[in-house]
Amino acid sequence: MKGRSTVARRSLRLRHDDIVQIIAGNDRGKQGKVLKVFPKKGRIIVEGINFIKRHTRPSQQNPKGGIIEKEAPIHVSNVIVVCPKCNSVTRVGIRILEDGSRIRICKHCGEMMTV
Ligand SMILES: [Zn+2]
């Protein structure tokens with residue numbers, strides 16, 4: 001990511017609660033809900049996608065230690081948004097309203113997507 005237009009760059013077109021389809025990797029073809037977005041890293045965590053096993057040492061919270069499975073972040077370029085209105089994979093467009101506010105629209109059906 002290069003400097004300058006940081007404001008525009010920073011706004012990933014994904015939000016948590018978006019439904020995305022995975023287009024690369026082991027989970028290709030699966031869909032899931034975005035749980036968390038890391039705008040600076042361009043990564044997201046998607047529910048049920050990209051589980052990794054972590055070996056943990058015993059700690060106070062988890063006295064036995066062991067293996068926990070957890071979703072790992074994936075890069076946004078590995079997903080495509082599924083529009084909740086038309087239910088198809090799509091690209092998200094940004095439309096700027098007369099009052100200057102920005103809304104996200106589905107480029108497939110043109111409907112506004114929840115922001
Ligand atoms: Zn749509």
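**Exercise 1. Read off the fold.** List the order of elements from the N terminus on, and say how many helices and strands the chain has.

*Solution.* Start at the N terminus and walk along: the elements run α-β-β-β-β-β-β-β-β-β-β-β. Tallying that up, you get one helix and eleven strands. Keep in mind as you go that this is a predicted model.

**Exercise 2. Get the global numbers.** What share of the 115 residues counts as buried, and how much surface does the chain expose?

*Solution.* Step one is burial: 28% of the 115 residues fall into the buried class. Step two is area: about 8,500 Å² is exposed, with 49% of it coming from carbon and sulfur atoms. As an extra, look at contacts between residues at least 6 apart in sequence: 38% of those join residues at least 24 apart.

**Exercise 3. Work out the zinc site.** Which atoms are the protein donors of the zinc ion, and what is the geometry of the arrangement?

*Solution.*
1. Find the donors. They are the SG atoms of Cys 83, Cys 86, Cys 106 and Cys 109, and they sit 2.2 to 2.3 Å from the zinc ion.
2. Write the spacing along the chain: C-x2-C-x19-C-x2-C.
3. Place two of these donors on the fold. Cys 86 is in the loop between strand 7 (79-82) and strand 8 (89-90), while Cys 106 belongs to strand 10 (residues 102-106), so this pair ties together parts 20 residues apart in sequence.
4. Check the angles. The four donor atoms subtend 104 to 119 degrees around the zinc ion, and therefore the arrangement is tetrahedral. The cut-off behind that call is that all angles lie between 85 and 135 degrees. For reference, the ideal angle for four tetrahedral donors is 109.5 degrees.
5. Look at cover. Cys 106 is buried at 1% relative accessible area, whereas Cys 86 is partly exposed at 27%.

**Exercise 4. Hunt for salt bridges.** How many salt bridges does a search of the whole structure find, and which residues form them?

*Solution.* The search gives three. Take them one at a time.

1. Asp 18 with Arg 104: the N to O distance is 3.0 Å. This pair links distant parts of the chain, with Asp 18 in the loop between helix 1 and strand 1, Arg 104 in strand 10, and their positions 86 residues apart in sequence. For burial, Asp 18 has a relative accessible area of 6% and is buried; Arg 104 is buried too, at 1%.
2. Lys 33 with Asp 17: the closest N and O atoms are 3.9 Å apart. That still passes, because the cut-off is within 4 Å. Lys 33 is in strand 2 (residues 31-38) and Asp 17 is in the loop between helix 1 (6-10) and strand 1 (19-22), which puts the two 16 residues apart. Lys 33 is partly exposed at 31%, and Asp 17 is partly exposed at 46%.
3. Asp 27 with Lys 30: here the closest N and O atoms are 2.9 Å apart. Asp 27 is buried, at 14% relative accessible area, but Lys 30 is partly exposed at 40%.

**Exercise 5. Follow strand 7.** Which strands pair with strand 7 in the antiparallel sense, and over how many bridges?

*Solution.* Begin with strand 1: it pairs with strand 7 antiparallel, over four bridges. To check the register, find Gln 21, which stands opposite Ile 80 in strand 7. Now go to strand 8, which also runs antiparallel to strand 7 and is joined to it by two bridges. The register marker here is Val 81, opposite Thr 90 in strand 8. Strands 7 and 8 make a hairpin, with six residues between them.

**Exercise 6. Spot the positive phi values.** Where do Asp 17 and Asn 87 lie, and is each one buried, partly exposed or exposed?

*Solution.* Take Asp 17 to begin with. Its phi is positive, about 80 degrees, although Asp 17 is not a glycine. Asp 17 lies in the loop between helix 1 and strand 1, and with a relative accessible area of 46% it is partly exposed. Next is Asn 87, another residue other than glycine with a positive phi, near 65 degrees. Asn 87 lies in the loop between strand 7 and strand 8. At 62% relative accessibility, Asn 87 counts as exposed, since the cut-off for that class is over 50%.

Conventions: Residues are numbered from 1 along each chain as its sequence is written. This is a predicted model: local features need pLDDT of at least 70, side-chain atom pairs count only at pLDDT 80 or more; totals for chains, interfaces and linings use all residues. Side-chain values use heavy atoms; hydrogens and water are left out. Buried means under 20% relative accessible area, exposed over 50%, partly exposed in between (1.4 Å probe, protein chains only). Contact means heavy atoms within 4.5 Å. Accessible areas come from the Shrake-Rupley method with a 1.4 Å probe; for residues, only the protein chains shown count as cover. Donors are N, O and S atoms within 2.8 Å of the metal (3.2 Å for Na, K and Ca); water is not among the atoms, so sites may look incomplete. Four donors count as tetrahedral if all angles lie between 85 and 135 degrees; four count as square planar and six as octahedral if opposite donors are over 155 degrees apart and all others between 65 and 115; anything else is irregular. A salt bridge is a side-chain nitrogen of Lys or Arg within 4 Å of a carboxyl oxygen of Asp or Glu. Two strands pair if DSSP finds at least two bridges between them.
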